[in-house]
Amino acid sequence: MIITDVQVRHFLSTTRRHSDSAGHAHPGPPHQVKTSILTIRTEDGHEGHSFTVPEIVRPHLIDKFVRTVLIGQDHRDRERLWQDLAHWQRGSAAQLSDRTLAAVDVALWDLAGRTLNQPVYKLIGAYRDKVRAYGSIMCGDELAGGLATPEDYGRFAETLVARGYTGIKLHTWMPPVSWAPDVRMDLKACAAVREAVGPDIHLMIDAFHWYSRVDALELGRGLEKLGFDWIEEPLDEQSMSSYKWLSDNLDIPVVGPESAGGKHWHRAEWVRHGACDILRTGVNDVGGITPALKTMRMAESFGMDCEVHGNTAMNLAVCAASRNCRWYERGLLHPFLEYDDGFDYLNQLSDPMDAQGWVHVPDRPGIGEDINFDFIENNRVS
Ligand SMILES: O=C(O)[C@H](O)[C@@H](O)[C@@H](O)C(=O)NO
Ligand SMILES: [Mg+2]
């Protein structure tokens with residue numbers, strides 16, 4: 001049970017997902033990206049893994065903080081190890097981010113599952129074996145036949161419903177798109193989707209993240225007429241009082257915070273101040289499965305849903321082990337990409353979805369990823 005090693009390996013993975021200058025994902029030609037796998041090993045040879053990007057597990061962080069906290073410890077002491085690592089953040093000169101905490105926590109949960117030959121969502125205490133998915137569409141673009149017009153969104157939404165999705169979330173146009181942001185265009189895209197899919201499909205929006213209060217109010221009021229389920233991140237989430245103002249002035253539920261720091265502590269303040277109607281968490285956003293569950297349980301005690309940000313097995317495990325979230329965010333999706341092709345370093349999808357829109361939680365030991373270790377070794381760069 002004692003942790004004896006923490007290892008980081010980097011390998012090249014091929015993807016058609018590219019990031020724009022604002023960090024939003026869009027389709028493009030296949031290219032290789034450097035991907036990292038963090039492995040935590042115990043004296044009896046058991047291993048737990050998590051995937052991330054190299055910057056999140058750079059040597060300074062692994063040597064100064066992660067190894068210092070983990071080596072020699074009982075891997076089952078996840079709560080204490082998470083707390084110890086989180087306490088290091090204050091003295092890390094802002095180097096030790098929640099993303100690194102998440103990578104470590106996920107690998108510890110994966111280690112527990114693989115050691116016991118059990119899926120993590122069952123170890124946590126499962127609530128269900130399948131979760132309804134909404135299709136999370138990429139931010140808009142200026143690609144002909146992509147997501148360049150409201151009609152493009154409508155057509156794509158039709159294909160998503162045909163695939164089985166019963167919920168669809170639009171990420172609308174944001175800079176660097178030349179003319180974005182534009183509330184009126186956002187509403188035209190939302191209206192085109194509602195027209196295309198009819199009244200029974202659940203629709204949500206994740207809008208430009210820095211609208212003014214007035215713009216966000218106009219957007220929200222327009223969405224109320226279209227019967228949308230929620231409005232997400234239309235304002236800068238650093239202004240909790242703006243979200244309280246928006247929530248007080250809208251009927252459509254306001255979801256958040258996604259990108260704001262502060263883990264479950266800050267999300268408790270959002271609840272206390274009435275800054276949202278539906279809370280939000282995400283394994284990468286709050287520093288792991290451990291704090292994501294704390295956020296989820298806290299929301300439940302206030303009678304609130306808490307929707308989970310992001311795809312992959314780690315977020316699916318949180319959804320499967322929780323009653324008070326309605327969706328799994330499956331994405332990001334685009335007409336030019338085939339999401340079901342998955343990742344080249346996994347042997348199969350971690351979030352397979354049936355024709356009725358249900359994602360079935362893998363019954364595999366650990367987080368639930370079927371890792372292709374041969375691929376990783378064959379494409380390893382360090
Ligand atoms: O800003 C983006 O690129 C997207 O909003 C992205 O973060 C997406 O994962 C999201 O916010 N989902 O809710
Ligand atoms: Mg979002």
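What follows is a walk through the metal site, the ligand pocket and some backbone details of this structure, which is a predicted model.

The magnesium ion (ligand 2) is a good place to start. Three side chains coordinate the ion, namely D206 (OD), E232 (OE) and E258 (OE), with distances of 1.9 to 2.1 Å. Read along the chain, these donors fit the spacing D-x25-E-x25-E. E232 sits in strand β7 (residues 230-232) while E258 sits in the loop between β8 (254-256) and α9 (263-272), so this pair ties together parts that lie 26 residues apart in sequence. Both of these glutamates, E232 and E258, are buried.

Some of this ground is also covered by an annotation. An unreviewed UniProt entry lists residues 150-253 as "domain: Mandelate racemase/muconate lactonizing enzyme C-terminal". In the model, that stretch of chain is 50% helix and 12% strand, and its end C-alpha atoms are 23 Å apart.

Next comes ligand 1. The residues around ligand 1 are H24, K169, H171, D206, H209, E232, E258, R280, H309 and E329. D206, E232 and E258 are thus part of the surroundings of ligand 1 as well as being donors to the magnesium ion. Sorted by class, the shell around ligand 1 holds six charged and four polar residues, and no nonpolar ones. Several polar pairs can be picked out here. The side chain of D206 places an N or O atom 2.9 Å from an oxygen atom of ligand 1. For R280, a polar side-chain atom is found 2.9 Å from an oxygen atom of the ligand. H309 has a side-chain N or O atom at 2.8 Å from an oxygen atom of ligand 1. On its own, ligand 1 has 320 Å² of accessible area, and the protein covers 83% of that.

The backbone has a few quirks to look at as well, beginning with two cis peptide bonds. One runs from A180 to P181, with omega near 0 degrees. P181 belongs to the loop between β5 (167-171) and α6 (183-197). The other cis bond joins G256 and P257, where omega is about -5 degrees. P257 falls in the loop between β8 and α9, and that loop also houses the magnesium donor E258.

Two residues that are not glycines carry a positive phi. For K263, phi is about 55 degrees. K263 is placed in helix α9, and its relative accessible area of 8% makes this lysine buried, because the cut-off for buried is under 20%. For T312, the positive phi is about 75 degrees. T312 is part of helix α12, which covers residues 312-320.

A handful of other positions fill in the picture. S242 is located in helix α8 (residues 240-249) and is buried, at a relative accessible area of 10%. The side chain of S242 makes a polar contact of 3.2 Å with the side chain of R213. L217 lies in helix α7 (residues 213-225), and with 12% relative accessibility L217 counts as buried too. Between L217 and G48 there are 45 Å in space, C-alpha to C-alpha, and the two are 169 residues apart in sequence.

Y328 is found in strand β11 (residues 328-333). This tyrosine is buried, with a relative accessible area of 0%. From Y328 to P257, the proline of the cis bond with G256, the C-alpha to C-alpha distance is 17 Å, with 71 residues separating them in sequence.

G23, in contrast, is exposed, with a relative accessible area of 52%. This glycine is located in the loop between β1 (3-19) and β2 (25-42). G23 and P176 are 153 residues apart in sequence, and their C-alpha atoms are 9.8 Å apart in space.

Methods. Residues are numbered from 1 along each chain as its sequence is written. Chains are lettered from A and ligands numbered from 1 in the order in which they are written. This is a predicted model: local features need pLDDT of at least 70, side-chain atom pairs count only at pLDDT 80 or more; totals for chains, interfaces and linings use all residues. Side-chain values use heavy atoms; hydrogens and water are left out. Donors are N, O and S atoms within 2.8 Å of the metal (3.2 Å for Na, K and Ca); water is not among the atoms, so sites may look incomplete. Helices (H or I, at least four residues) and strands (E, at least two) are DSSP runs, numbered from the N terminus. Buried means under 20% relative accessible area, exposed over 50%, partly exposed in between (1.4 Å probe, protein chains only). UniProt positions are given in the numbering used here, feature names are shortened, and annotations may be inferred rather than shown by experiment. A residue is near a molecule or strand if one of its heavy atoms lies within 4 Å of it. A polar contact is a pair of N or O atoms within 3.5 Å; within protein, one must be able to donate a hydrogen and the other to accept it, and residues adjacent in sequence count only if both atoms are side-chain atoms. Accessible areas come from the Shrake-Rupley method with a 1.4 Å probe; for residues, only the protein chains shown count as cover. Ala, Val, Leu, Ile, Met, Phe, Trp, Tyr, Cys and Pro count as nonpolar, Asp, Glu, Lys and Arg as charged, and the others, Gly among them, as polar.
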